[in-house]
Structures are given as C-alpha cells and as structure tokens.
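Me: Please take a close look at one part of this structure, beginning with a single side chain at the surface, and then connect that part to the contacts found elsewhere in the chain. I would like one continuous account.

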Amino acid sequence: MKDNRPFSSQLESWLNSKHPKTVADLAEVFHDKSFAVGLLILMFIPALPLPTGGVTHIFEIVAMLLSLEVFLGKRTVWLPRRWRTKNITGIGERKSVTVLIKQLRWVEKYSKPRLKQLVGNSLFMRATGLALFIFCLAAFLAPPFSGLDTLPSLAVVFIALSVILEDFILYVLGLLVGAVGIGAILVLGTALFRSFRLL
C-alpha cells in the first residue's frame, strides 16, 4: 500500500523505528526514491556548518558510489555487502534526526511538485548523478576543519530533496549552492595551501 504521508513523516517513522538503518533497509522502504533518500541522509551531517575533521569522509565515499550508480542508470542500490549492513544515520543520531526532520518539514511547507516529468527522464537522471558525484567529491576533497565541505554537501541535500519532492526549484538551488561551494574550495583552499607553504 502506498504511503501518502508527507516525506518527512515517512522518514521520521523509519529513522525512529527499531529496524536497522542500513542502505539495504532503506532500499526496501523507499524503493524508487532510495538513491535520493540515501544521499540526503549521508550528506546531511557534512552539510551542517560544523567542522567534522574528516569523520564524515566515509559518508561521502558511499554517497559518491550511489551518485555513480545514478549516473550509470541503475534502478536498485548496490553496495559491497560490508557497506550495505552499516548504519548510515549521522553522528549524534537523536539530535541529527530531530534537526533533519525539522528542516524537512519547513521545506515541505513551501515546496510543490515541479519536476515530475524530468525525474522520469533517464538522461536527466544520469546528468543528475554526475552533478551529485562532483559535489560529493568536492566535499570529500575540501580541507579538513575548514568548513568548506558544507556548501557542496548542502547542494547534494537540495538535489536529493528535489528528486524526492519533485521540485525543480530545489534542483536549481542545489546546482547554484554547489557551484558556489566548489568556487569557495578552489579560492580559499588555494589560499590556505599557500599560507601553509609560507610557514
């Protein structure tokens, strides 16, 4: 039976359930939206304006693999068996879940379907997978403790939400935020590198 509740309520139920929060379980619950939901959960913590010191790199690596699968046109999530059974919820799980659901409900108030036809287009989804991979890679390569991984990670969150909520405005916002984030990494990252060389 189709669950007609808002996405935030569906996700909250899953995150608060006693089921294991793994990629395998996620794919069973969210079906065709499992790639987008997985990317949303994996990149939400790096998207917070908090220095993680590289702790979230494993999330970014898994997110890159999921993005590549979207680019390749895969319909079902594939991960190595060891990764499929790993818990994918964030650091400080209870607090993270509360923040995530609160933000999702705020977005849902203003979002409306504006992407339905594009989501079903295979070429569009392949291009989306490539964009997601680039932003995940940018977050991964951002200097640790710099906070520069925030904007590329936020771009992935926006694009994942745009697919889930079928809202093209969120998609465009994600591309803009990601482009600014990559620019910031290139400019500030280069400046940091040069300053360390002068020490």
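**A surface leucine and its surroundings**

Reply: Leu68 has a relative accessibility of 34% and therefore counts as partly exposed, a value that, like the others given here, is computed from a predicted model. This leucine lies in helix α4, and its 34% places Leu68 between the limits of 20% for buried and 50% for exposed residues, which is why the intermediate term applies.

Leu68 belongs to a nonpolar surface patch of about 410 Å², which is made together with Phe71, Leu72, Leu130 and Ile134. Two helices contribute to this patch with at least two residues each, namely α4, which covers residues 57-71, and α8, which covers residues 122-141.

From the nonpolar patch we can turn to charged contacts, of which the structure holds 2 in the form of salt bridges. In general, side chains whose charges are opposite can pair when the charged atoms come close to one another. One of these pairs is formed by Arg105 and Glu12, whose closest N and O atoms lie 2.6 Å apart. Here distant parts of the chain are linked, since Arg105 sits in helix α6 (residues 93-110) and Glu12 in helix α1 (residues 7-16), with the two positions 93 residues apart in numbering. Arg105 is partly exposed because its relative accessibility is 35%, and Glu12, at 26%, is likewise placed in the partly exposed class.

Another salt bridge joins Asp167 to Arg114, with 2.8 Å between the closest N and O atoms. This pair, too, links distant parts of the chain, for Asp167 belongs to the loop between α9 (150-165) and α10 (168-198), whereas Arg114 belongs to the loop between α6 and α7 (116-119), and the partners are 53 residues apart. With a relative accessible area of 2%, Asp167 is buried, while Arg114, with a relative accessible area of 35%, is partly exposed.

Helix α1, the helix that carries Glu12, also leads to a question of helix geometry. A pair of packed helices is described by the distance between their axes and by the angle that those axes make. For α1 and helix α2 (residues 23-30), the axes come within 12 Å of each other and cross at roughly 140 degrees. An angle over 145 degrees would count as roughly antiparallel, so that α1 and α2 are instead described as oblique to each other. The crossing in which α1 passes α2 is right-handed.

Definitions and conventions. Residues numbered from 1 in each chain as written. Predicted model: local features only at pLDDT ≥ 70, side-chain atom pairs only at ≥ 80, totals over all residues. Heavy atoms only, no water. Salt bridge = Lys/Arg side-chain N within 4 Å of Asp/Glu carboxyl O. Helix = DSSP H or I, 4+ residues; strand = E, 2+ residues; numbered from the N terminus. Buried < 20%, exposed > 50% of the residue type's maximum accessible area, 1.4 Å probe, protein only. Patch = residues over 30% accessible without salt bridge, like charges linked within 9 Å, V, L, I, M, F, W, Y side chains within 5 Å. Areas by Shrake-Rupley, 256 points an atom, 1.4 Å probe, with all protein chains shown as cover. Axes fitted to C-alpha atoms, helices over the stretch in contact; angles between N-to-C directions. Parallel < 35°, antiparallel > 145°, perpendicular 65-115°, else oblique. Left-handed = near helix turned anticlockwise from the far one by under 90°.
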